Amino acid sequence: MGKRLPRRIIEGPSGRILELLRQGHRTVDELASSLGVTRPAVRAQLAVLERDGLVERRGSRRGASKPSQVYGITSQAELLFSQAYVPILTQLLHVLAQRLPSGEFHSVMHEVGRRLMEGRSVPHGPLGDRVAGASALLNELGGLSEVQQENGGYLIHTHGCPLAAATANHPEVCNALESLLSEFVGGKVTKCCDRYDRVRCCFEVGEEVPATTEVRH
């Protein structure tokens, strides 16, 4: 349920810059002064952080001779720093599971998956290409997936589960991914997750049924 910042960033100079920017917007000069390093060194780190979507420019501030660019942390970086999402969302699932009838809880998870497609483009083309896109989508969400072709259909399986913190106690959460992939592929996707030792996602995509042509008399 979310990634964390790599240790190399947290413990390096980039991590110190991010911590300062979490406290408030700063210019290159202010960052260099706080860190005790040169301005070129700060600019080099900021360029990398901007490229990775962790830092963004937030306008300018009047300087001694000319305006100075002001930098701030992005919402994506704030998300990576946060450790609150997993425990809060896990407890939310506990509460929903206790208060909702089983069938309704299943339906809610399916609806969550369908809504995850909002703002995403639906792929077109051969079924195999769409399944490959669905595998890539799982990887974006933290999975490590592969595609196998079996019996005219496809099997997407992952080495682990991007929702493991939730599915350990609430396997119904897999319904969200099932519906998401169904909407993405444009066909029926059925979960076949392995829960024996370590949870591993698995989704079956059936053979595509060709459209029939209506004959009029």
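**Reading a helix face and a disulfide**

In this predicted model, helix H3 (residues 28-35) has Val 28, Leu 31 and Ala 32 as its buried residues.

Me: Why do the buried residues of H3 lie on the same side of the helix?

Reply: Start with the general idea: an α-helix has 3.6 residues a turn, so residues three or four places apart point the same way. Here the buried residues are Val 28, Leu 31 and Ala 32. They cover an arc of only 100° around the axis, so they sit on the same side of H3.

Me: What do the buried residues of H3 pack against?

Reply: Their partners are helix H2 (13-23), strand S1 (26-27), helix H4 (39-51) and strand S3 (68-73). Have a look just after H3 too, where Gly 36 adopts a positive phi of about 70°.

Me: Now the cysteines, please. How many disulfides does a search of the whole structure find?

Reply: In general, a disulfide is a covalent bond between the sulfur atoms of two cysteines. The search finds 1 here: Cys 192 is joined to Cys 202, with an S to S distance of 2.2 Å. The link is left-handed, with -65° about the S-S bond. Cys 192 belongs to the loop between strand S6 (189-191) and strand S7 (202-205), while Cys 202 is in S7, 10 residues apart.

Me: Is Cys 202 buried or exposed?

Reply: Cys 202 counts as buried because its relative accessibility is 11%, under the 20% cut-off. Cys 192, at 27%, counts as partly exposed.

Me: And which cysteine sulfur is nearest to that of Cys 161?

Reply: That of Cys 201, 3.6 Å away; Cys 161 is in no disulfide. With 13% relative accessibility, Cys 161 counts as buried.

Definitions and conventions: Residues are numbered from 1 along each chain as its sequence is written. This is a predicted model: local features need pLDDT of at least 70, side-chain atom pairs count only at pLDDT 80 or more; totals for chains, interfaces and linings use all residues. Side-chain values use heavy atoms; hydrogens and water are left out. A disulfide is a pair of cysteine sulfur atoms within 2.5 Å. Helices (H or I, at least four residues) and strands (E, at least two) are DSSP runs, numbered from the N terminus. Buried means under 20% relative accessible area, exposed over 50%, partly exposed in between (1.4 Å probe, protein chains only). The arc is that of the directions from the helix axis to the C-beta atoms. Contact means heavy atoms within 4.5 Å.
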